[in-house]
Amino acid sequence: MTTHRPTPDEPWPGWTTSRAVQAVYGEHLVRVGQLIPAVLYMHVMDRQGLAAAHNAGRQDVVDSHVASVARECRDDLLETAVVLDALALCHGHGSYLPRPYQETSTPVPTDVELRTDASDVADQLVHHDHQHATSTTGNIPGGLKDGCTDSDRDAVRAYARREWITQQERWPGI
């Protein structure tokens, strides 16, 4: 059992964050660190439960699980966008992959891939909030389109941050 006490400087033992991520998330960075294992664990356990119900021929359980996933979709998008954003910020600021991305033999730098993934998931949150009117902060940016700019990608990531930080301030501990 570790005696490590999470802080914005070191949310996990051995993981020191960048000034950029500390500036964006501040005191809430500790909660982002807690989200990472929780999101991964829930994803694995949900899939395992769904597979077991399917294999057992329990369509009622499968249907119930699918309905639950649909209800929790926004929370999943928001939490995943924030985790990817925090990880990307630890790698500094920079460019994104073009949209649409064409696979090449040239390896993509990790920081570019993380920023792109963070903006793509944040874009899914933007689309969800436009479609279902579920924004808590308003001012939902436009979604990403082919040929979008780095500023467009930055805008959807900033939106996800605002949504998550607002949620943390309104409902601490949730």
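A residue is called buried here when its relative accessible area is under 20%, and by that cut-off 35% of the 174 residues of the protein chain count as buried.

**Figure 1. Overview of the protein chain in the predicted model.** The protein chain contains five helices and zero strands, which gives the pattern α-α-α-α-α when read along the sequence. Along its principal axes, the C-alpha trace spans about 50 × 45 × 40 Å. Among the contacts in the protein chain with a separation of 6 or more, 62% come from residues that lie 24 or more positions apart. The views that follow take up two helix pairs, two buried residues and the loops on either side of α4.

**Figure 2. Close-up of the packing of helix α2 against helix α3.** Two packed helices are described by the angle between their axes and the distance between the axes. The axes of α2 and α3 come within 10 Å and cross at roughly 150°, and because angles over 145 degrees count as roughly antiparallel, α2 is described as roughly antiparallel to α3. The crossing of these two helices is left-handed. On the α2 side, the contact is made by Leu29, Val32, Leu35, Ile36, Val39, Met42, Asp46, Leu50, Ala53 and His54, while α3 contributes Val61, Val62, His65, Glu79, Thr80, Val82, Val83, Ala86 and Leu87. Sorted by side-chain class, the residues of this contact comprise 14 nonpolar, three polar and two charged.

**Figure 3. Close-up of Val32 in helix α2.** Val32 belongs to the helix that runs through residues 29–55, and with a relative accessible area of 0% it is buried. Leaving aside residues up to four places away in sequence, Val32 touches Tyr25, Val82, Val83, Ala86 and Trp164. Three of these partners, Val82, Val83 and Ala86, are also listed among the α3 residues in the contact with α2. Asp75 is 43 residues from Val32 in sequence, and the two are 13 Å apart in space, C-alpha to C-alpha.

**Figure 4. Close-up of Gln167 in helix α5.** Helix α5 covers residues 150–170 and includes Gln167. Which class does Gln167 fall into, buried or exposed? Its relative accessibility is 13%, and because that is under the 20% cut-off, Gln167 counts as buried. When residues up to four places away in sequence are not counted, Gln167 touches Arg74, Asp75 and Leu78.

**Figure 5. Close-up of helix α4 where it passes helix α5.** Helix α4 is made of 23 residues, 110–132, and from its first C-alpha to its last it reaches 33 Å, close to the 33 Å expected at 1.5 Å a residue. The axes of α4 and α5 come within 8 Å and cross at roughly 65°, which makes α4 roughly perpendicular to α5. The passage of α4 across α5 is a left-handed crossing. From α4, the residues Arg115, Thr116, Ala118, Ser119, Asp120, Ala122, Asp123, Leu125, Val126 and Asp129 meet Arg153, Val156, Arg157, Tyr159, Ala160 and Glu163 from α5. By class, the residues of this contact divide into seven nonpolar, two polar and seven charged.

**Figure 6. Close-up of backbone features in the loops before and after helix α4.** Most residues other than glycine have a negative phi, and most peptide bonds are trans. In the loop between α3 (59–89) and α4, where Pro100 is found, a cis peptide bond joins Arg99 and Pro100, with omega at about 0°. Directly after α4 comes Ala133, a residue other than glycine whose phi has a positive value near 50°. Ala133 lies in the loop between α4 and α5 and, at 67% relative accessibility, counts as exposed. Asn139 is placed in the loop between α4 and α5 as well, and although not a glycine, Asn139 has a positive phi of about 50°. With a relative accessible area of 70%, Asn139 is exposed.

Note on methods:
Residues are numbered from 1 along each chain as its sequence is written. This is a predicted model: local features need pLDDT of at least 70, side-chain atom pairs count only at pLDDT 80 or more; totals for chains, interfaces and linings use all residues. Side-chain values use heavy atoms; hydrogens and water are left out. Helices (H or I, at least four residues) and strands (E, at least two) are DSSP runs, numbered from the N terminus. Buried means under 20% relative accessible area, exposed over 50%, partly exposed in between (1.4 Å probe, protein chains only). Contact means heavy atoms within 4.5 Å. The expected span of a helix is 1.5 Å times one less than its number of residues. Axes are lines fitted to C-alpha atoms, for helices over the stretch in contact, and angles run from 0 to 180 degrees between N-to-C directions. Angles under 35 degrees count as roughly parallel, over 145 as roughly antiparallel, 65 to 115 as roughly perpendicular and the rest as oblique. A crossing is left-handed if the near helix is turned anticlockwise from the far one by less than a right angle, and right-handed if clockwise. Ala, Val, Leu, Ile, Met, Phe, Trp, Tyr, Cys and Pro count as nonpolar, Asp, Glu, Lys and Arg as charged, and the others, Gly among them, as polar.
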